[in-house]
Amino acid sequence: MGGYFLFFRDAPQQTPSVSQPSSQQQPSQQPPVSQAPAVKENVVTYTNSGYSPSTLTVIKGETVTFKNQSSQSMWVASAVHPSHRGYPTTGACIGSTFDACQGVQPGNSWSFKFDISGAWKYHNHLNPGDTGTIDVQ
Ligand SMILES: [Cu+2]
């Protein structure tokens, strides 16, 4: 008399794998965080009537560009003429490093980065009556 055994293989339970959404897409996507900040340009324009604006306020560490749109050369230099020692740095041509150290031709410009807080007066060394102030905060 033959018998047979039924072997029940205890197969691992195959739970149906929960199908996950391949990528959960958020309805509201955030814009990229690393957007370059809008470049704020600090410009002083020099014309035959002088510097404009006469006082420019900037943040410490910012750079100011002096554009010569006059018909004469423009030599931006720290007050006080002629020692140019108002801006408290040294090592340039006369006194402070806040000094173009040469005439900037019409149509050209000269830039300086202000790392020290204060209200810094300057003038056109070639026409010392033309003055202005950079207020560094
Ligand atoms: Cu001067």
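This section describes a nonpolar core, a buried asparagine and a disulfide in a predicted model. Local features were considered at pLDDT of at least 70 and side-chain atom pairs only at pLDDT 80 or more, while totals for chains, interfaces and linings use all residues. Residues are numbered from 1 along each chain as its sequence is written, and side-chain values use heavy atoms, with hydrogens and water left out.

The largest nonpolar core (buried Ala, Val, Leu, Ile, Met, Phe, Trp, Tyr and Cys residues joined through side-chain atoms within 4.5 Å) comprises 22 residues. Phe 66, Phe 98, Phe 114 and Ile 134 have the most contacts inside this core. Among the elements giving two or more residues to the core are strand E4 (63–68) and strand E8 (127–136); strands are DSSP runs of E, at least two residues, numbered from the N terminus. Beyond its neighbours within four places in sequence, Phe 66 is in contact (heavy atoms within 4.5 Å) with residues including Phe 98, Phe 114 and Ile 134.

Asn 124 lies in strand E7 (residues 118–124). Its relative accessibility is 1%, so Asn 124 counts as buried (under 20% relative accessible area; exposed is over 50% and partly exposed in between, with a 1.4 Å probe and protein chains only). Outside four places in sequence, Asn 124 is in contact with Tyr 46, Tyr 51, Ser 73, Met 74, Trp 75 and Asp 130.

One disulfide (a pair of cysteine sulfur atoms within 2.5 Å) was found in the whole structure. The bond joins Cys 93 to Cys 101, with an S to S distance of 2.1 Å, and is left-handed, at -90 degrees about the S-S bond. Cys 93 is partly exposed at 42% relative accessible area, as is Cys 101 at 30%.

Terms used:
Helix = DSSP H or I, 4+ residues; strand = E, 2+ residues; numbered from the N terminus.
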